[in-house]
Amino acid sequence: MPHTSTPAFVDPRTGARLPIDTLAWRSQDGNPLMVNDLAGIKRADVRTGVRTIWRYAAALPVEIAEPVSLGEGMTPLVSADIDRISCRLKLEWFAPTGSFKDRGASVLISHLRSLGITSVVEDSSGNGGAAIAAYGAAAGMAVGIFVPHYTQPAKIAQLRAYGAKVTLVPGTRQDTETAAIQEAERTYYASHNWHPMFLQGTKTLGYELWEELGFRAPDNIVIPAAAGSNVLGCHIAFSELLAAGEITSMPRIFVTQPENCCPVHHALHPEVLQGRTPDYSTTVAEGTAIRNPLRLDEMVAAIRGTGGDSTAVAEADIIATAKRLAAKGFYAEPTSAHAVAGLRQLVEAGRIGRDEETVVILTGSGLKATQFYADQFG
């Protein structure tokens with residue numbers, strides 16, 4: 001594989017390195033890890049006979065002889081006209097469990113199985129847990145998922161259908177993570193938020209866009225973000241493609257978040273707060289409601305480094321946009337619908353040109369939010 005150096009995990013905040021086969025999921029200083037910079041691949045390295053994310057196996061930092069795959073990747077890229085703005089919608093809900101997180105789960109669980117891990121635990125209120133539960137089941141692992149007590153029953157049912165042991169945790173989302181980490185002392189913490197190999201899976205989204213667009217980068221990518229695995233995954237992929245000489249410039253990365261919980265937007269635009277402490281609250285876009293994302297600094301650097309930006313979307317606009325998308329046949333979670341609303345705001349603000357090629361990532365299916373749509377339509 002065309003790496004410039006031996007692949008390793010690195011703490012970007014201290015420079016500390018760990019071997020790629022370590023079982024550590026965070027650095028000794030308690031920071032989230034990343035994989036060191038890789039050289040990327042050429043178009044000839046794409047395994048065109050493989051119809052999953054594993055067609056980009058040469059771009060991964062490890063070789064997996066027998067990947068755990070359920071058919072993830074190769075999701076549709078559809079041209080659309082929404083709010084009189086032309087764009088391309090990347091329909092990640094065509095993934096096996098209904099969201100983009102299957103990309104990261106496939107690579108993470110494959111890597112852990114190759115290291116001999118047979119039992120994992122994860123904390124998630126939705127899509128991340130579903131992905132780990134499904135791919136853990138496919139790998140023959142015992143899976144425990146810790147969820148907040150307020151998690152929607154339909155999401156808990158999906159986890160249990162995959163055979164996961166579900167534990168409801170009272171209190172905050174942070175309480176749920178703390179409980180999972182405590183349980184991980186007896187098993188392995190396969191966190192989609194913490195583990196760097198999850199990002200190696202989500203970077204296949206960037207490689208896939210590159211291939212679908214005729215081996216080139218779009219002008220802009222608009223991503224609904226919380227923990228930022230798609231933001232960082234796309235940034236990693238296109239940085240590698242730039243290093244490999246396959247593209248000549250980076251796409252600009254734009255992030256959208258709900259107004260009710262937008263820490264990335266506030267980090268990029270601190271003037272919005274005018275020195276106040278943000279007062280975050282619940283949102284219909286619950287999948288993008290993380291108040292303290294682990295890799296906030298890395299996300300901000302990626303967005304700024306590409307010349308991108310962010311915007312925050314009001315609740316009423318998220319709801320209205322989800323309904324407009326559905327009326328055009330795109331049944332999206334509110335969690336990802338705000339990316340389309342954000343695109344409109346960014347175009348109206350002059351940050352994105354109407355004649356530019358823009359890809360909007362729709363991360364999850366409306367089937368994940370049945371109660372939301374039931375409430376809207378009685």
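Let me start with the secondary structure of this chain, which in this predicted model comes to twelve helices and 13 strands. The radius of gyration is 19 Å, close to the 21 Å that the globule rule gives for 378 residues, so the chain is as compact as a globular protein of that length. If you turn the C-alpha trace onto its principal axes, you will find that it spans about 50 × 50 × 45 Å.

Now to the domains. The assignment splits the chain into domain 1, which is made of 77-99 together with 196-377, and domain 2, which covers 118-189. Their C-alpha centres lie 25 Å apart, and the contact takes seven residues from domain 1 and nine residues from domain 2.

How much area do domain 1 and domain 2 bury between them? The figure is about 810 Å², and 41% of it falls on carbon and sulfur atoms. On the side of domain 1, the residues that lose the most area to domain 2 are T97, E286 and K368, which together account for 58% of what that side buries.

Let me turn to the polar side of this interface. Between domain 1 and domain 2 the rule finds five residue pairs in polar contact, with both residues at pLDDT 80 or more, and the side of domain 1 that touches domain 2 has, by class, one nonpolar, three polar and three charged residues. As for salt bridges, the rule finds one across the interface. I would also point you to K155 and E286, which form a salt bridge with their closest N and O atoms 2.7 Å apart; E286 is, to come back to the buried area, one of the residues of domain 1 that lose the most area to domain 2.

Finally, the salt bridges of the structure as a whole. In general, side chains of opposite charge can pair when their charged atoms come close, and here the structure holds 19 salt bridges. Among them is the one in which the side chains of R216 and E357 meet, at 2.5 Å from N to O. Which parts of the chain does this pair tie together? R216 lies in the loop between α6 (204-212) and β10 (220-224), while E357 lies in the loop between α11 (334-348) and β13 (358-362), so the pair ties together parts that are 141 residues apart in sequence.

Technical notes:
Residues numbered from 1 in each chain as written. Predicted model: local features only at pLDDT ≥ 70, side-chain atom pairs only at ≥ 80, totals over all residues. Heavy atoms only, no water. Domains from an automatic or database assignment. Contact = heavy atoms within 4.5 Å. Buried area = accessible area lost by both parts, 1.4 Å probe. Salt bridge = Lys/Arg side-chain N within 4 Å of Asp/Glu carboxyl O. Polar contact = N/O pair within 3.5 Å; in protein donor to acceptor, adjacent residues only side chain to side chain. Nonpolar A, V, L, I, M, F, W, Y, C, P; charged D, E, K, R; others polar. Helix = DSSP H or I, 4+ residues; strand = E, 2+ residues; numbered from the N terminus. Rg over C-alpha atoms; globule rule 2.2 N^0.38 Å.
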